Amino acid sequence: MRLSVLRFARLNPSVKELRLHLCQTGEESKGARDFVNKGYVQLKKENPTLPILVRECSGVQPRLWARYELGKEKSVVLTNATAEDISKHIEALGKAQ
């Protein structure tokens, strides 16, 4: 079994909030659940003042939202994404404005 450590850099200060929507039981949200179990703590350690919300809802399509200054938002659909894919999306959204 391959072990991987999810590493995050500090996200751009223009990122004001991250939201992760996922289903508690759906197969399409498996990677999102894995990310919460494996990567949330490290992400929060490296970005301690950033609000990171995890929203669980039965049957919802997994999605990552980033809110920036002035209320601008971007989102990425995470259907069947792995935890590693999600970390890459977070880093990409963390560099965007």
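Here are some questions and answers on how the labels used for this predicted model follow from its computed values.

Q: What makes up the secondary structure of the protein, and in which order do the elements run from the N terminus?
A: There are 2 helices and 4 strands. Starting at the N terminus, they follow one another as β-α-β-β-β-α.

Q: Why is Phe 35 called buried or exposed?
A: Buried means under 20% relative accessible area. Phe 35 has 4%, so Phe 35 counts as buried. You will find Phe 35 in helix H1, which covers residues 30–46. Across the chain, 37% of the 97 residues count as buried.

Q: What makes Glu 84 partly exposed?
A: The partly exposed class lies between the buried limit of under 20% and the exposed limit of over 50%. Glu 84 has 23% relative accessibility, so it falls in that class. Glu 84 belongs to helix H2, residues 83–95.

Q: How do you know that residues separated in sequence come together in space, and which pairs of C-alpha atoms show it?
A: Take Phe 35 and Ile 86: they are 51 residues apart in sequence, and their C-alpha atoms are 7.1 Å apart. Glu 84 and Asp 34 are another pair, 50 residues apart along the chain with 9.3 Å between C-alpha atoms. For the protein as a whole, take the contacts with a separation of 6 or more: 71% of them are between residues 24 or more positions apart.

Q: What makes a set of residues the largest nonpolar core here, and which residues have the most contacts inside it?
A: Members must be buried residues of the nonpolar kinds, joined through side-chain atoms within 4.5 Å. The largest such set has 21 residues, and those with the most contacts inside it include Leu 18, Phe 35, Ile 86 and Ile 90. At least two residues of this core come from each of strand S1 (15–22), H1, strand S3 (63–68) and H2. Leaving aside residues up to four places away in sequence, Leu 18 touches Leu 43, Trp 65 and Ile 90, among others.

Q: Why is S1 described as mostly covered?
A: Of the 8 residues in S1, 6 are buried. Each of those 6 is therefore under the 20% limit of relative accessible area.

Q: Why is the pairing in the sheet called mixed?
A: The open sheet has 4 strands in the order S2-S1-S3-S4. S1 and S2 pair in the parallel sense over 5 bridges, while S1 and S3 run antiparallel and are joined by 6 bridges. S3 and S4 are also antiparallel, over 5 bridges. Two bridges are enough for strands to count as paired, so S1 and S2, with 5, meet that limit.

Q: Which residues stand opposite each other in these strand pairs?
A: Leu 18 has Ile 52 in S2 as its bridge partner. Arg 19 is partnered by Trp 65 in S3. Leu 64 faces Val 76 in S4.

Q: How do you know that the helices lie against the sheet, and which strands are involved?
A: Contact requires heavy atoms within 4.5 Å. H1 packs on the sheet and touches S1 and S2, with its direction at about 155° to that of S1. H2 lies across S1, S3 and S4, and runs at about 20° to S3.

Q: Why do Cys 23 and Cys 57 not count as a disulfide?
A: A disulfide needs two cysteine sulfur atoms within 2.5 Å. The closest cysteine sulfur to that of Cys 23 is in Cys 57, at 7.8 Å, so the pair is too far apart for a bond. A search of the whole structure finds 0 disulfides. As for their surroundings, Cys 23 is buried at 3% relative accessibility, whereas Cys 57 is partly exposed at 44%.

Q: What makes Leu 70 and Asn 80 exposed?
A: Exposed means over 50% relative accessible area. Leu 70 reaches 93%, so Leu 70 is exposed. Asn 80 has 57% and therefore is exposed too. Leu 70 lies in the loop between S3 and S4, and Asn 80 in the loop between S4 and H2.

Q: What is noted about phi of Leu 70 and of Asn 80?
A: Phi of Leu 70 is near 65°, a positive value in a residue other than glycine. For Asn 80, also a residue other than glycine, phi is positive and near 60°.

Notes
Residues numbered from 1 in each chain as written. Predicted model: local features only at pLDDT ≥ 70, side-chain atom pairs only at ≥ 80, totals over all residues. Heavy atoms only, no water. Buried < 20%, exposed > 50% of the residue type's maximum accessible area, 1.4 Å probe, protein only. Axes fitted to C-alpha atoms, helices over the stretch in contact; angles between N-to-C directions.
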